[in-house]
Amino acid sequence: MSTYPIGIPGQPWGEAERAEWLALQRRQRSYKEEVLAAIERLASRFEVQQYGELTVGDERFPLMAIRNQWQEGLPVVLVTGGVHGYETSGVHGALQFVEQHGERYTGRVNLLVAPCVSPWAYERIHRWNANAVDPNRSFRKNSPAVESAALMQLVAQLQEHVLLHIDLHETTDTDESEFRPALAARDGKPYEPCGIPDGFYLVDDSESPQPDFQQAVIAAVEKVTHIAPADDKGEIIGSPVVARGVIEYPLTKLGLCAGMTNARYKTTTEVYPDSPRATPEQCNAAQVAAVCAAMDYVLS
């Protein structure tokens, strides 16, 4: 059974356990200084839009999106990062992509980038929001996560036009040391380790797989950082490897961000920042390479 320090093994958390967990969370970095400031610097070149506000106690977090110059009739490309706030390169990779490459897609696609979906969790370097809810299992009707609901509302009117959605994530060592044990404790289930893959991989949609598209992204990212191999069972984090560096989930069924639209092309990136073979700069660059490769593929 779980040995997580909050709760009773085998019993799901109640309000008292969630409150105990919340009291332990500490602000470790600044959304305003690290993310909003970067978005503000892009405002002279792109349209910046506030699509909601997250309120936690007396804290207020504006939820921000970035658009290029939109043109009627063009397909929409959605790029999301920071759905899990602790996955740093998802946030800064999205911002770096806009800064370095966003303008070259103007007139080809309507670009919508939400670089930090979960700003409270970004500051706490955490997977969950302040209610101990995983936003990346909450992209569904009557979402329990304000962060997820706000993004879904932003995208709702664009559903028919979204051609590509790429959601930027990381798999970290703390997944195994903190977040998976916390999840097991929260839900009153036994904790079952499944290991951390060393390298980059993608999650395709098992309901509508696009293997050639996924491999185009893998090929581009491999020039920046290494690709995760399958384990001895032929799996990555407990899922069968269907092609080099690719596993599949039923994205919409699981309430994952990458499954929130009807886009033909969907993928979730997973960078491994704790590898001795990768630097933070490489992790950001891998996210940028993945976005560019995905966009170039769908526009080819």
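This passage walks through the pockets, aromatic contacts, cysteines and a few long-range residue pairs of the structure. The model is a predicted one, and the description starts with its open spaces.

The largest pocket has a volume of about 830 Å³. Its lining is made up of 35 residues, and those lying nearest the centre are R127, D134, R137, R180 and L183. Where does the lining come from? Strand 5 (162-170), helix 6, strand 6 (201-205) and strand 10 are the elements that each give two or more residues to the lining of this largest pocket. Helix 6 provides the largest share, with seven residues. Sorted by class, the lining of the largest pocket holds 15 nonpolar and 14 charged residues, plus six polar ones.

The second largest pocket takes in about 180 Å³ of space. The residues that line this second pocket are E34, A38, R41, L42, R45, H92, L95, Q96 and E99. Helix 2 (31-42) and helix 3 each hand over at least two residues to the lining of the second largest pocket. By class, the lining here splits into four charged, three nonpolar and two polar residues.

Next come the aromatic rings. How many aromatic pairs turn up in a search of the whole structure? The count is 10. One of them joins Y86 and F179, a tilted pair with 4.4 Å from centre to centre and 45° between the planes. Y86 sits in the loop between strand 3 (76-81) and helix 3 (88-101), whereas F179 belongs to helix 6 (residues 173-187), so the pair ties together parts that are 93 residues apart in sequence. Are these two rings buried or exposed? Y86 is buried, at a relative accessible area of 4%, and F179 is buried too, at 6%.

Y265 and Y297 make up another aromatic pair, this one edge-to-face, with 5.9 Å between the centres and 75° between the planes. This pair also links distant parts of the chain: Y265 is in strand 10 (residues 265-271) and Y297 is in helix 8 (residues 280-299), 32 residues apart. Y265 is buried, with a relative accessible area of 9%, while Y297 is partly exposed, with 28%.

Aromatic side chains also gather in a group: Y4, W13, W21, W120 and W128 form one aromatic cluster. W128 has a charged partner as well, since the charged end of R186 sits over the ring of W128, 4.9 Å from the ring centre. A similar arrangement involves R67, which lies over the face of W70 at 4.3 Å from the ring centre.

The cysteines are next. How many disulfides does the structure hold? The number is zero. C194, for instance, is in no disulfide, and the nearest cysteine sulfur, that of C283, is 19 Å away. C194 is partly exposed, with a relative accessible area of 34%. Why does C257 have no bond to C116? The sulfur of C257 is 12 Å from that of C116, the closest cysteine sulfur, and that is too far for a bond, given that a disulfide needs the two sulfur atoms within 2.5 Å. C257 is buried, with 0% relative accessibility.

Finally, two residue pairs show how separation along the chain and separation in space can be set side by side. F97 is found in helix 3 and is buried, with a relative accessible area of 0%. F97 and V288 are 191 residues apart along the chain, and their C-alpha atoms are separated by 5.1 Å. I236 has its place in strand 7 (residues 235-236) and is buried, with a relative accessible area of 1%. I236 and Y105 are 131 residues apart in sequence, and from C-alpha to C-alpha they are 33 Å apart in space.

Definitions and conventions: Residues are numbered from 1 along each chain as its sequence is written. This is a predicted model: local features need pLDDT of at least 70, side-chain atom pairs count only at pLDDT 80 or more; totals for chains, interfaces and linings use all residues. Side-chain values use heavy atoms; hydrogens and water are left out. Buried means under 20% relative accessible area, exposed over 50%, partly exposed in between (1.4 Å probe, protein chains only). Rings of Phe, Tyr and Trp (its six-membered ring) pair if their centres lie within 6.5 Å; planes under 30 degrees apart count as stacked, over 60 as edge-to-face and the rest as tilted. Helices (H or I, at least four residues) and strands (E, at least two) are DSSP runs, numbered from the N terminus. A charge sits over a ring if NZ of Lys or CZ of Arg is within 6 Å of the ring centre and within 35 degrees of the ring normal. On a 1 Å grid over the protein atoms alone, a cavity is a set of points where a 1.4 Å probe fits but cannot get out, and a pocket is an open set with protein on both sides within 12 Å along at least five of seven lines; lining residues have an atom within 4 Å of a point. Grid points are joined across faces, edges and corners, and a volume is the space filled by probe spheres set on the points. Ala, Val, Leu, Ile, Met, Phe, Trp, Tyr, Cys and Pro count as nonpolar, Asp, Glu, Lys and Arg as charged, and the others, Gly among them, as polar.
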